[in-house]
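Trainee: Could you take me through one part of this protein up close? I'd like to see how a single strand sits among its neighbours, and then how the rest fits around that.

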Amino acid sequence: MPSPSRTLPQDVALVLGGGNALGAYLAGICEHLIAEEIRPRRIVGASIGAVTGALLVGNPPEARLDRLREFWAEAAVHSLREPTGATKLRQTYNGLHSALAALAGRPSLFRQRFPGLWSALPWMPNDVALYDLAPLRATLTRLVDFDRLNRGDTRLTVTAVDVETGDEVRFDTADGGIGPDHILASASIIPAFPPVEIAGRLYCDAGYTNNVPLDLVLADAPERDLLCIAAELFSLRAPRPRSLDAVLERAHDLIFASATRRSVAALRRDYALHARLEPDGARATLLHLAYQGGPDEVSAKTLDFSPSSIRDRWAAGRRDIRRGLERLREAAPGPDRLTYLSVPDGAGDGLGRARLP
């Protein structure tokens with residue numbers, strides 16, 4: 001006899017990782033949450049996750065999905081019809097779109113910077129980045145109501161790194177407010193994009209150090225039962241690479257995804273201690289979603305803004321969050337203070353916990 005459906009905790013937090021063009025996966029997740037009328041009380045974002053969080057919190061609930069669609073429609077590289085059939089053709093198609101974005105930029109996101117790459121020549125002045133994020137600033141100003149963002153019911157936190165000290169920092173609507181510069185700082189992964197100066201300090205994207213900042217939500221045991229949905233755009237699991245491009249893609253994934261495994265392992269140890277000190281305390285559930293692209297993805301996938309890739313990633317986000325919420329509702333609460341579930345199976349492999357197929 002099937003068990004009754006489990007009610008989700010009232011407190012829901014959403015942690016959104018970085019990954020540039022892979023961020024359409026986050027939009028698919030958000031679309032399903034909006035349809036389910038699940039409204040997180042807190043959103044934490046890094047890089048494109050910070051941009052996504054700003055689009056959500058800086059708009060009324062009824063307009064959020066439209067703003068996400070508008071953002072990604074403008075980001076897409078509109079081109080010839082997608083090839084059908086062989087995976088190799090689709091890889092070529094995706095690779096050409098990545099090259100086009102690298103050469104021409106995206107009008108709503110970033111543009112070529114001068115001297116940029118030319119600064120490598122001995123007779124050119126020095127520069128610190130390849131691209132300029134001024135177009136993203138204009139897009140954020142147009143699509144996000146920052147007054148609403150800073151007075152809304154949903155708390156938004158975005159992360160960055162101090163370039164000079166290496167310290168991870170956070171900007172928070174509950175502590176000083178967030179403006180366009182804070183979102184740009186979170187999205188400025190060096191050396192592609194220039195660091196952003198705020199109040200005399202120089203900041204950049206925290207992707208290399210903590211691309212999915214779970215600790216900002218889960219480091220302290222919650223006062224009430226909490227569901228934390230964490231969306232990661234790189235995966236620790238992948239088929240064995242069989243080409244140079246696949247090896248490069250795999251290296252990229254490992255660089256950005258490995259910190260999450262360490263974060264979850266540390267959180268599990270902390271919550272085990274909480275359980276010994278306070279056995280009847282509130283419980284936290286971490287639903288970890290990790291984007292796993294198809295065989296057509298290329299090593300430069302974070303620059304692949306082809307409409308078909310955006311569509312596929314968006315659909316993958318809808319599929320994974322739907323599957324995760326279904327299984328979460330069906331699963332009986334476990335004995336641990338922190339329950340960890342992953343979608344797809346093995347998203348955070350090696351953590352010794354339940355997995356969702």
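**A close look at strand 5**

Mentor: Let's start with a pairing: strand 2, residues 42–45, runs parallel to strand 5, and four bridges link the two. Before we go on, keep in mind that this is a predicted model. One spot to find in that pairing is Gly 45, which sits opposite Val 158 of strand 5.

Now look at strand 5 itself. It covers residues 155–162, and seven of its eight residues are buried. So who else pairs with strand 5? Take strand 6, residues 168–172: here the pairing is antiparallel, with five bridges. Val 158 turns up again, since its bridge partner in strand 6 is Phe 171. That puts Val 158 across from Gly 45 and also in a bridge with Phe 171.

How does the chain get from strand 5 to strand 6? The two form a hairpin, with five residues between them. In that turn you'll find Gly 166, whose phi is positive, about 80°.

There's another antiparallel partner to add: strand 8, residues 201–204, joined to strand 5 over two bridges. The residue pair to click on there is Val 161 and Cys 204, which stand opposite each other.

Just before strand 8 there's something to check. Ala 199 belongs to the loop between strand 7 and strand 8. Its phi is positive too, about 50°, although Ala 199 isn't a glycine. Why is that worth a look? Because most residues other than glycine have a negative phi, and most peptide bonds are trans. Ala 199 counts as exposed because its relative accessibility is 81%, whereas seven of the eight residues in strand 5 are buried. Asn 20 is another non-glycine with a positive phi, about 55°, and its place is the loop between strand 1 and helix 1.

What about peptide bonds that aren't trans? Ile 190 and Pro 191 are joined by a cis bond, with omega near 5°. You'll find Pro 191 in the loop between helix 7 and strand 7. A cis bond also links Phe 114 to Pro 115, with omega about 5°, and Pro 115 is in the loop between strand 3 and strand 4.

Let's visit a couple of helices as well. Trp 314 is part of helix 11, residues 307–330. Its relative accessibility is 9%, so it counts as buried. Its contacts from farther along the chain include Ala 24, Tyr 25, Leu 65 and Trp 72. Pro 135 is in helix 5, residues 134–143, and it is buried as well, with a relative accessible area of 9%. Among the residues Pro 135 touches are Arg 106, Pro 107 and Phe 110.

Finally, zoom out. The whole chain has eleven helices and eleven strands, and buried residues make up 53% of its 357 residues. Of the contacts between residues at least 6 apart in sequence, 73% join residues at least 24 apart. As for overall size, the C-alpha trace spans about 70 × 50 × 40 Å along its principal axes. A compact globule of 357 residues would have a radius of gyration near 21 Å, and this chain's 20 Å agrees with that.

Note on methods
Residues numbered from 1 in each chain as written. Predicted model: local features only at pLDDT ≥ 70, side-chain atom pairs only at ≥ 80, totals over all residues. Heavy atoms only, no water. Rg over C-alpha atoms; globule rule 2.2 N^0.38 Å. Buried < 20%, exposed > 50% of the residue type's maximum accessible area, 1.4 Å probe, protein only. Contact = heavy atoms within 4.5 Å. Pairing = 2+ DSSP bridges. Lists of a residue's contacts leave out its neighbours within four places in sequence.
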